[in-house]
Structure formats: structure tokens, C-alpha cells
Amino acid sequence: MTAGLARTIVTGVIGSDTHIVGNRILTMALEKAGYKVVALGALTPAADFVRAAVETRAEAILVSSLYGQGELDCRGFRDLCVEAGLEDILLYAGGNLVVGKRSWDETEETFLKMGFDRAAPPGTRAETVLEWLARDLSPA
Amino acid sequence: MSAALLIDFGSTYTKLRAVDLERRRIIGAGQGPSTVASDVMLGMKAALGDLERHCGGLPRFRHRLASSSAAGGLRMVTIGLVRELTAEAARQAALGAGAKLVGSFAYRLTAADLAQIAALRPDIVLLAGGTDGGNSEVVLHNAAALASGALECPIVFAGNRDAADDARRLLAAKALACTENVMPAFNVLNVEPARAAIRQVFIERIVHAKGIDRAAAEFDAVLMPTPAAVLEGARLVADGLPGIRGLGDLLVVDPGGATTDVHSVASGEPAPGAIPQGLPEPRVKRTVEGDLGMRHNAATIVAAAGLEAIARDAGLEPARAGALLAQVSADVERLPASAEETAFDQALARAAVKIAVRRHCGTTETVYTTTGSVTVQRGKDLSRIDAVIGTGGALVASPDPRAVLRMALADPAEPLALRPRAPRLLLDREYLLYACGLLQSVEPQAALELALGHLADLDHETARERARHA
């Protein structure tokens, strides 16, 4: 696969969150699987994910959040994408998306309602994400 | 004697510097009016006559090199996709090429944008958009839009390389130069190839289009726009050459009549622990502050700094400062004729330098996270650079250039600004930076030693020397 044909994915940790390790492991797994990854790293504002996706014609944005504020940070994320002409881009969120006693099912529903295509619970393995992508990305 | 003639076809004056290449010294300087609008040769002949009078005859010149900022400078329009990404990279490339940026556009060009671009009458349009392998629809939409318009100026394409062939087809009827993408990958800045392409178009087409080649008998080549020559001079003086140490990381500030230019040659990398945000910065960076000019934009300097503050700095009553402002705004070629006017100009220059350098330098910000605070940096960290060089008429004419240049330095009142802390302060008293920027293309060693030998060290200048220059 040449660089020009590789499918592009944007990754990063949203908001005022510095937890980078899981996101980096995910990024490495994606690269190993042949994706072109635009890794924005820690402390990334929502708008920066969208800007990067526009310029690089990315097909998916994978948002990590580990510090419990994910729900607040991810509000309106799909709207930002629609605004930038990326209405069909694939959106995943993952990590410790909320703190407190909420069940995972509730949390997942919250994120799907916000316009994310998938939400990954704590402990999701990179392989699972790769399988999701293979299924969800439209054929090249 | 082996000599070189360095020419600046400026917007107001045609300026000459004759230098002795062996002894690394200035033979003489000459000046004539800028006559590009009528016949460039008139001003050139006047300047040569002036030079001849100063030197008592002209030597035979081995090199005769020119730069130009005449006829409105190199007017450029830049186009990118996302404003903060490829559109910003395109702006950086144009500024670094010494252009006068007259318009910057992002996303898809509309009919209104096209009309505006045509009205701006650019000399060159720089078209970017998309990383390599990234978005190509928008840059191709914009190429098609430019193709359909009446715009006749050359276009430099520096966008997504996957779109280059299609862009070439779309723009077949235009003068087109294709070069490497200004942003080949996300947040990777690659402005040098676009700069080189712009310079090439400038040499091949713009020099002729502006009528400067009518003086072709008097020079070997017009190499670049004058701001690019200053930038090349700054780069040479900073980096040095094998065997000759340069000054190290530096900043050049030029408070001019219409704008204040700031150039930095420094990587400006974040201090340990600081997290960089935003687009990476070019090591050789130029910014132009269009609202900070000693004459044409004196009113906006005062608006930015405050009339009270300018008046206080000049030791004048605010009403008196307001009257002097009206005077220089109405008569843009006016030179100070009284102590009051000199003090007012000094205050204007100090404010222009303070604000322009503030905008050029990066900033830090503390962000509080659940795991503690972190420092985020935007822009270049210039706090540890080695030298600040002042150039331009306002500084050379200043009774105390050191007091003007000190405004570039870190200020306890602005703790988040990454301004220089303890650099050497130097003055380009002989207006040699542009000349050395030109000369380095053929005689780099002579150019470097000439520059190093003639930059005045303001920290070690005695009171008597200052008095003499003033």
C-alpha cells in the first residue's frame, strides 16, 4: 500500500487531558495495520481534530478521553464535523469517558446520541478497534 | 580593488552601497529618487551620480546585484484550505519570500473572493490546500475558479501533490509554476520550495513586469524582493559560515514608514516541559505589521499604544502629541525638524517595536488539568536568542536607538510573552543587511565579514560615540 492510497485516521486526546499512553498504543497499532495516522497527541481541542481531518481528508476520527470529562469535551463534536463538511466521517470515542456510577450501556448510549459511531469502554483492545474500522469504513 | 555594487530599488529611494570585497569595507553610499513609475533609469542615474560624488569616481564593479521593493513591492495573494493550516503555511511562505501580502483566502473561493482577488491586482498568487494524499477537492475547485477568472498574474501551486497534475491541466492557460506542498503532512511546514519558486517567478517575470529591467545595463541581476534580501542577510549573520562564527539566534526589527517588519532566525523550540501547540514555526520567519508604520500608519500605532502612553513616552501633552500625529500623517515624507518632533518619532518607534515584536514572539499559557498544571506554548520561544538587530531609517535617525531596541526585550509586565531576555543590541547603521543578503549569493564570506564588521554594538558604544551619531 503506498502512502497516497493509505486511509487516513486522526487520533488524539481531547480537552485538558494529558493521558497519552493508551492513545499512543492505539496509534501504533493503526500504523502497523497500514493506516496513515495523524496523531494530534494530548491536550487537543475539538476544533483541531476537525481541522486536521479536513486538511488530510481523513475518514475517521478517534477521540480518547481518560480524565472523566469526556462527555463535556465531546459535546457538539459531530456538529463541528458537519459544519466543516465532514458529515459522513466516522467518529469513535474511547477511554474513561465518564466518572461516577453510570453503567457502560448508559455511557455508550450517551455517546451514540452525541453522534459518535462507536464508543469504546475502558480496557478495549486495539484489535477490537481495528475490527470495527475494517467493518465501518466504506470500501476504498 | 575588487568591488561590488548593491542596489535597492525601493519604494521611495533608489539606494546604492559600493563595497570593497577584499578589505571588507564600504566604499560609499548613494541615493536617488525611486522612479519606477516613470523610468527606473532616472533614479538609478541620480543614485550613481550621488555615489560617484561620495567616492570620487566609481570603481569597476565585479558584481552589481539588486533587490526591489519598488512599484508596490511583490504583491501576493495566498490561498489555502483550513485557515490555521495550509492557508497559514502559504502565508508564511509568501512572507518568507519577501512578499507584500495583500490578501489571504481559505476554503473554497467564492465569486466574491475572485472579484476581490482581481481587484487586489496581485503580482503572484500562491495556491495551496490539502496535505499530500489529503484533501484535493478544494484546491482543485480553487484552481478551476482561478482558471475561469480574468486574473493574468503567474500562479505558484504548492498544494496537495496528488492534485498537481489536475491543477496543471486546469491552469494550462495561465503562467503556472508547480512546487512542493507547503504542508506535505499534517502540521509539517515546508515553505522553502515555495519560497524558491516565488523568487524564481519574481526574477523571470516580475522584474520585467515592473519595468525594473529598463535599468538592466546598470546591474547583473535583480535577485529578490528587498525584504527577502534582509532576511537572507539576517540568516547569514546568524548562522555564519564554516570557520566564521555568526552571531547565533537573532531577531531583526525594522520600523518602516508603512509597516514594521520583524525577522527571526531561531528555531524557537519550546523550553523543556512546555507542550507546543499550533502550527510549527519556520526557523527563518518574517512577520509584517501593516498597522505599525512611522508615517503611513502612524495613526494606527497611536491607536494600538494609546495617545496618552505615546505622549507620556515623548514627554508631551496629549493634545500636542495629537497635533504632531496629524502632521506626520498628512505629510508622510516629513522628517523631524524640532526636538518635539524627534521625541514624538522616538515614542512612535518604541511603540511600533514593542507591539511588532510582541506579535512576532510566541506565548506560554498555563493549563490546569486533573493531573496538575502544564505549560502550553504557541509560536516561537525567542527568550534565549543572542542578538537583536535594528535596521531602517527610523532607527538610524533616532537619537537613542538603544532605547528603541530595548522595547523588543522581555517585560515583567508581560510574563507570558517569550520575548528576548538578554540579547546583544546591534544597529545596522550603514543599512547593510540587504546588501549582504544580496552579496552572499556570490561572495558569502565577504558578505558575512562585511556585515559582522559594520553592525554597531549599542551596548558598548560610548556616550561620545552616541552623541556623534546623533
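1. The contact between chain A and chain B, in what is a predicted model, draws 16 residues from chain A and 20 residues from chain B. On the side of chain A that touches chain B, the elements giving two or more residues are strand 2 (36–39) and helix 2 (46–56) of chain A. Helix 2 of chain A supplies five residues, the largest share of that side. By class, the side of chain A that touches chain B divides into six nonpolar, five polar and five charged residues.

2. Turning to the domains, the assignment for chain B gives domain 1 (3–71), domain 2 (75–205) and domain 3, the last written as two segments, 236–292 + 352–469. The C-alpha centres of domain 2 and domain 3 of chain B lie 29 Å apart, and 11 residues of domain 2 of chain B are in contact with seven residues of domain 3 of chain B. Of the side of domain 2 of chain B that touches domain 3 of chain B, the largest share, five residues, comes from helix 2 (residues 86–96) of chain B. That side of domain 2 of chain B is made up of six nonpolar, three polar and two charged residues.

3. Helix 7 (residues 226–239) and helix 15 (residues 444–454) of chain B have axes that come within 10 Å and cross at roughly 85°, which means that helix 7 of chain B is roughly perpendicular to helix 15 of chain B. Helix 7 of chain B contributes G233(B), L236(B) and V237(B) to the contact, while helix 15 of chain B contributes P444(B), A447(B), L448(B), A451(B) and L452(B). Seven of the residues in this contact between helix 7 and helix 15 of chain B are nonpolar and one is polar, with no charged residue.

4. In helix 9 (residues 307–314) of chain B, the buried residues are I310(B), A311(B), D313(B) and A314(B). Seen down the axis of helix 9 of chain B, these buried residues fall within an arc of 165°, and they therefore line one face of the helix. The cover over the buried residues of helix 9 of chain B includes helix 8 (298–305), helix 10 (318–330) and helix 11 (339–360) of chain B. Just after helix 9 of chain B, G315(B) adopts a positive phi of about 70°.

5. The packing of helix 9 of chain B against helix 10 of chain B can be described further. Their axes are 9 Å apart and the packing angle is about 100°, so helix 9 of chain B counts as roughly perpendicular to helix 10 of chain B. In this pairing, L307(B), E308(B), I310(B), A311(B) and A314(B) of helix 9 of chain B meet P318(B), A321(B) and G322(B) of helix 10 of chain B. The contact of helix 9 of chain B with helix 10 of chain B has six nonpolar, one polar and one charged residues.

6. A last point concerns L395(B), which is placed in helix 12 (residues 393–397) of chain B. L395(B) counts as buried because 22 other C-beta atoms lie within 10 Å, where the cut-off for a buried residue is 20 or more. Leaving aside residues up to four places away in sequence, L395(B) touches P255(B), A349(B), G390(B), P401(B), V404(B) and L427(B). L395(B) and D165(B), by C-alpha to C-alpha distance, are 48 Å apart in space, and they are 230 residues apart in sequence.

Technical notes. Residues numbered from 1 in each chain as written. Chains lettered and ligands numbered in written order. Predicted model: local features only at pLDDT ≥ 70, side-chain atom pairs only at ≥ 80, totals over all residues. Axes fitted to C-alpha atoms, helices over the stretch in contact; angles between N-to-C directions. Helix = DSSP H or I, 4+ residues; strand = E, 2+ residues; numbered from the N terminus. Parallel < 35°, antiparallel > 145°, perpendicular 65-115°, else oblique. Contact = placed C-beta atoms within 7 Å. Nonpolar A, V, L, I, M, F, W, Y, C, P; charged D, E, K, R; others polar. Buried ≥ 20, exposed ≤ 12 C-beta atoms within 10 Å, placed from the backbone. Arc of directions from axis to C-beta. Domains from an automatic or database assignment.
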